[in-house]
Structures are given as C-alpha cells and as structure tokens.
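Here is a friendly walk through one model, written for someone who likes to check geometry against coordinates. Please keep the viewer open as you read.

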Amino acid sequence: MNLFKYKVFLSVIEAGSFTKAGALLNLTQSAISHAVSALEYELGLTLLIRGRSGIQLTSNGERLMKHFREIIQMNEKLYQEVALIKGLETGTVKIGTFSSVSIHWLPGIIQKFNEQFPLIELKLLDGNYHDIEHWIASGEADFGFVNLPTLDGLEVLPLKKERMLCVLPSNHVLREQTSIRVDQLLNEPFIMPASGCDTDVQRIFSQHKLVPKIKYELEDDHAIMAMVQNGLGVSILPEMILVQNPYDICIRPLDGRYSRSVGIATVSLKNMAPAAKKCMDFITEWIN
C-alpha cells in the first residue's frame with residue numbers, strides 16, 4: 001500500500017465526490033476511482049458505497065478512516081523533522097476556525113506568520129464550535145480555535161476571555177439604559193446564533209432559568225447584526241464580533257459578568273508535528 005491511495009480516499013470523503021476530489025488533486029475522475037478501488041482490493045474490504053445521491057462510508061470505511069489520517073500525519077511529521085534537521089521549517093498545517101476569529105485575528109496572524117515562515121502552508125477549515133471539535137478529534141485539523149470548555153480529551157491553551165454584549169436596534173426603547181438585564185430581553189423577538197454557535201448565549205439564559213422568545217436562528221454573525229439593524233429582533237454577541245462593526249445598531253453591556261473564553265485545542269500538545277507546534281506557539285504569542 002502507499003500513501004497516495006490514502007490521500008485520495010480521504011480527499012473523496014472530505015470533498016464529497018470523486019469529481020471534486022479530482023479537481024482538488026488535479027487528477028481525472030477515472031484516476032480517483034481507480035485509486036479507491038485499488039485500495040479496497042488490497043484491503044479486501046468495501047470502504048465506500050457509490051450511489052446516485054453521492055458517496056457514503058461503509059462501517060469498515062468509518063473504522064479505517066482515522067487510521068489513514070494518522071498514517072498521513074505521521075508521514076508529514078517525519079518529513080517536517082527531516083526538514084528541521086536540514087535547517088528548514090516546512091510543512092502544511094490545518095487549522096479549525098470560526099467566523100469571528102477568521103475575521104478579527106487570522107488576517108494579521110497569517111500575514112506575519114507567512115513573513116517569518118514562508119515554507120509552512122496554512123489551510124483553514126471554517127465551521128462552528130462542534131465542527132471544529134470534530135475536526136480536531138478526528139485528525140482533520142492539526143489544531144483549532146475552540147469555545148471553552150471544550151471536548152474532554154482535547155488539550156487546550158486558553159487565549160482570551162471577552163464580554164458578551166446585548167445588541168439592539170438603534171431606536172430601541174432600551175437604548176437609553178447603560179446596561180441591560182437579561183430578563184428585559186424575554187419579551188423581545190430574539191435572534192439566536194444557530195446550533196453550534198449558541199453555547200455562550202444559551203448559558204446566559206440557563207443561569208437565570210429563563211427561555212428567550214427565539215424568532216430566528218442564524219449562524220452568520222453579520223447576518224444577525226443586519227437583522228437587528230432592521231428591527232427584526234435583539235441578540236447577544238461576543239465583544240470581538242462587534243468591534244468596528246458597520247451596522248447601525250445599539251450595543252450595551254449586560255448586567256452581570258457574562259463572557260466567552262476562546263482557546264486553542266489539539267489532541268496532544270506533546271505529539272504535534274513541528275510545523276503545527278510552531279504555528280500554535282506563534283498564534284499564542286501574537287494574541288497575548
């Protein structure tokens with residue numbers, strides 16, 4: 001067996017089709033199909049079910065996929081170690097991230113990191129909190145930004161704690177207050193960050209045993225602010241998202257100390273590949 005077949009198989013799963021995987025790897029669909037079939041033949045197992053609705057992993061494919069990733073990661077780590085011995089810092093690092101981090105932190109981080117380490121390639125996987133935890137645990141991401149507390153079993157470096165703030169239409173009756181009580185939002189149409197991004201907000205209401213009147217659920221922070229601007233409801237968002245926002249909205253602190261804690265997590269700090277460790281250390285220093 002060779003690594004090429006593992007890489008093709010994982011690319012098919014991540015892309016969701018043979019055609020898309022071929023485009024990513026610059027290979028024909030026939031070459032992709034042949035590589036997967038050859039891998040299945042060597043193992044004597046069916047790994048994928050091919051149907052009109054797309055591809056689906058078999059139970060055998062599910063069991064082996066993590067091992068394929070581990071083999072590829074160990075191979076990458078080997079070549080990075082060899083490069084370090086030769087005085088080079090090289091490799092590919094996959095980072096799980098969510099929107100506010102991607103907008104407010106990563107552009108500056110990536111610019112400076114590329115200047116110092118031009119041979120290390122950074123790849124970003126954008127999703128919600130649950131996506132990122134899954135990518136880290138499964139090995140799809142070397143590490144990722146997470147909302148604390150995160151999954152048991154992941155090793156975490158805390159980065160920053162930030163306030164959760166109330167967001168109102170600019171003409172809202174509560175705009176005259178210097179701060180907002182959580183119970184004052186109960187009769188307002190509430191715009192809830194969608195599943196996977198709503199952990200911090202749900203925690204605030206749960207602490208008071210209150211249930212908001214959820215009118216809309218949206219995953220995109222800017223979509224939430226646009227809805228608030230147009231008088232369609234109120235919301236609660238992290239402070240980072242609201243810095244230099246372009247919307248005509250009213251932002252007020254909440255009564256009480258409500259915050260979210262952002263950290264960076266990986267499966268094992270000790271066993272990280274050199275390039276990933278270099279990148280994680282750089283990010284931690286940049287933020288602090």
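Asn26 counts as exposed, because its relative accessibility is 70% and the exposed class begins over 50%. Keep in mind that this is a predicted model. Asn26 sits in the loop between H2 and helix H3 (29-43), and its phi is positive, about 60 degrees, although the residue is not a glycine. Gln244 is another such case: it is not a glycine either, and its phi is about 55 degrees. You will find Gln244 in the loop between helix H10 (239-242) and strand S10 (249-253), where it is exposed with a relative accessible area of 78%. As background, most residues other than glycine have a negative phi, and most peptide bonds are trans. The second half of that remark brings up Pro149, which is joined to Leu148 by a cis peptide bond with omega about 0 degrees. Pro149 belongs to the loop between S5 and S6.

Let us step back to the whole chain. It has eleven helices and eleven strands, and 45% of its 288 residues count as buried. Along the principal axes, the C-alpha atoms fill a box of roughly 70 × 50 × 30 Å. For a sense of scale within one helix, take H1, which contains Leu3. The C-alpha atoms of Leu3 and Ala15 are 18 Å apart in space, with the two residues twelve apart in sequence. Leu3 has a relative accessible area of 23% and is therefore partly exposed, since buried would require a value under 20%.

Strands S1 (residues 48-51) and S2 (residues 54-57) run antiparallel and are joined by four bridges. Together they make a hairpin, with two residues between them. Leu48 stands opposite Leu57 in S2.

Now for the salt bridges, of which the structure holds ten. Three of them are set out here.

| Pair | N to O distance |
|---|---|
| Arg69 and Glu14 | 3.6 Å |
| Arg69 and Glu140 | 3.5 Å |
| Arg260 and Glu162 | 2.5 Å |

Which residues are linked with Arg69 in a network of salt bridges? They are Glu14 and Glu140. The salt bridge between Arg69 and Glu14 links distant parts of the chain, for Arg69 is in helix H4 and Glu14 in helix H1, 55 residues apart. Arg69 is buried, with a relative accessible area of 6%, whereas Glu14 counts as partly exposed at 43%. The salt bridge between Arg69 and Glu140 reaches from helix H4 to the loop between H7 and S5, so it ties together parts that are 71 residues apart in sequence. Both of these partners, Arg69 and Glu140, are buried.

Arg260 and Glu162 also form a salt bridge. Arg260 lies in strand S11 and Glu162 in strand S6 (residues 155-169), so this pair ties together parts that are 98 residues apart in sequence. Arg260 and Glu162 are both buried.

What about the nonpolar interior? The largest nonpolar core has 34 residues, and those with the most contacts inside it are Val93, Trp105, Phe143, Phe145, Cys279 and Ile283. Several elements each supply at least two residues of this core, among them strand S3 (91-97), helix H6 (106-116), strand S5 (143-148) and helix H11 (274-287). The largest share, seven residues, comes from H11. In soluble globular proteins, nonpolar side chains tend to be buried together.

Finally, the open space. The largest pocket has a volume of about 1,300 Å³. Its lining is made of 38 residues, and Ile72, Gln73, Lys94, Gly139 and Asp142 lie nearest its centre. Which helix gives the largest share of the lining? H4 does, with ten residues. Helix H1 (3-15), helix H2 (18-25), S3, S4 and H7 are among the other elements that each supply at least two lining residues. By type, the lining divides into 16 nonpolar, ten polar and twelve charged residues.

H4 is a good helix on which to end the tour: Arg69, with its salt bridges to Glu14 and Glu140, lies in H4, and H4 also provides the largest share of the pocket lining.

Definitions and conventions: Residues numbered from 1 in each chain as written. Predicted model: local features only at pLDDT ≥ 70, side-chain atom pairs only at ≥ 80, totals over all residues. Heavy atoms only, no water. Pairing = 2+ DSSP bridges. Core = buried A, V, L, I, M, F, W, Y, C linked by side-chain atoms within 4.5 Å. Buried < 20%, exposed > 50% of the residue type's maximum accessible area, 1.4 Å probe, protein only. 1 Å grid on protein atoms, 1.4 Å probe; cavity = no way out; pocket = protein on both sides within 12 Å on 5 of 7 lines; lining within 4 Å. Points joined across faces, edges and corners; volume = space filled by probe spheres on them. Nonpolar A, V, L, I, M, F, W, Y, C, P; charged D, E, K, R; others polar. Salt bridge = Lys/Arg side-chain N within 4 Å of Asp/Glu carboxyl O.
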